[in-house]
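Reader: I have a model open on my screen and would like to talk through its packing, sheet and links with you. Shall we take it piece by piece?

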Amino acid sequence: MEAKEGSQVVSDHLARSFFLLGIGSNDLYQFVLEQQAKNKSATQSDAAALYDSLMSNYSATITDLYTMGARKIAIINAGATGCIPRVRAHTATGACDDGLNKLVVGFNGALSSFLAGGLAPKLPGLAYSLADNFAHRQDIIADPRAAGFVNTASACCGSGTLGAEGDCLPSSRICRNREGYIYWDWIHATQRAAELAAHAFFHGPAQFTTPLSFKQLAEKSYSLP
């Protein structure tokens, strides 16, 4: 691209661009599965080591983008993994797994502190927005009807308990009112749930993004690297 357009054009393009990252949810879920396979509960030091590893990944990824010229980074934190259908299907009452959600909250707190106090000050000119996917999902689960949902626990497409014991396949059962479900399959949100989150992160309310909304980040002026 530089050979065709020139380095200045490429630098300007990268600095104006909006980069979106989301790392952690799958790692946290896999970590818990591994602990369960060992028939043990994670200690604080286990969790701290996991957080440190994920912060290292974030640092490397954002620094690499910054070095290439990126100046606007949007990050979506880990969602309410303890409430996905696959996890609920393995709890005694079908409720959220508070232990897993506690692990997620710890990670999200570490990520927020790391960005504000550890990484951003080291990268002059970097602007970022951190979206609170966990809080947004929890708000919907707490009062689903206010957002137009009728089912917060089951997958719209799947099989078995809560539709969470099989993948979404052409032969799977599909709910009649997919817009009334938060989850499409055993882990992923429906289109409507994803749209609500995207709207909240881009337009507000302010409680779901810090220190800027995605819209403010996209519109923010930038300095060329």
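Reader: Happy to begin with the helices: which residues of α4 meet which residues of α6?

Author: This is a predicted model, and here α4 covers residues 44-68 while α6 covers residues 98-119. From α4 the contact takes A47, Y51, L54, M55, Y58, S59, I62 and T63. Their counterparts in α6 are K102, L103, G106, F107, A110, L111, F114, L115 and L119.

Reader: How do the residues of that contact of α4 with α6 divide by class?

Author: Tyr counts as nonpolar and Gly as polar in this scheme. On that basis, the contact of α4 with α6 has one charged residue, three polar ones and 13 nonpolar ones.

Reader: Thanks! Are α4 and α6 parallel or oblique, and why?

Author: The two axes approach to within 10 Å, and they cross at roughly 45 degrees. The crossing of α4 and α6 is right-handed. An angle under 35 degrees would count as roughly parallel, and 65 to 115 as roughly perpendicular. The angle of roughly 45 degrees therefore makes the relation of α4 to α6 oblique.

Reader: What is the make-up by class of the contact of α3 with α6?

Author: Here too the axes come within 10 Å, and α3 and α6 cross at roughly 135 degrees, so these helices are oblique to each other. The crossing of α3 and α6 is right-handed. L28, Y29, F31 and V32 of α3 touch L100, L103, V104 and F107 of α6. By class, the contact of α3 with α6 holds no charged residues, no polar residues and eight nonpolar residues.

Reader: On to the sheet, then. Which strands stand at its edges, and why?

Author: The sheet is open, has four strands and mixed pairing, and follows the order β1-β2-β3-β8. Two of the strands have a single partner each, so one side of each is left without a neighbour in the sheet. Those edge strands are β1 (19-21) and β8 (209-210).

Reader: Which residue of β8 stands opposite L130?

Author: Strand β3 spans residues 127-131 and pairs with β8 in the antiparallel sense, over two bridges. Within β8, the residue opposite L130 is T210.

Reader: And at what angle does α6 run to β3?

Author: Helix α6 lies across β2 (72-76) as well as β3. Its direction relative to β3 is about 170 degrees.

Reader: Now the disulfides: how many residues apart in sequence are the parts that C83 and C96 tie together?

Author: The structure holds three disulfides; in the one formed by C83 and C96, the sulfur atoms are 2.1 Å apart. This link of C83 and C96 is right-handed, with 115 degrees about the S-S bond. C83 sits in the loop between β2 and α5 (85-88), and C96 in the loop between α5 and α6, so the parts they tie together are separated in sequence by 13 residues.

Reader: I noticed a proline after G204; is its peptide bond cis or trans?

Author: P205 is placed in the loop between α8 (191-203) and β8. Omega for the bond joining G204 and P205 is about 15 degrees, and the bond is cis.

Reader: What is omega for the bond from T210 to P211?

Author: P211 belongs to the loop between β8 and α9 (214-219). The bond from T210 to P211 is cis, and its omega is near -10 degrees.

Reader: One last backbone angle, please: what is phi of N39?

Author: N39 is in the loop between α3 (25-37) and α4. This residue is not glycine, yet its phi is positive, with a value near 60 degrees.

Terms used. Residues numbered from 1 in each chain as written. Predicted model: local features only at pLDDT ≥ 70, side-chain atom pairs only at ≥ 80, totals over all residues. Heavy atoms only, no water. Axes fitted to C-alpha atoms, helices over the stretch in contact; angles between N-to-C directions. Parallel < 35°, antiparallel > 145°, perpendicular 65-115°, else oblique. Left-handed = near helix turned anticlockwise from the far one by under 90°. Contact = heavy atoms within 4.5 Å. Pairing = 2+ DSSP bridges. Disulfide = S-S within 2.5 Å.
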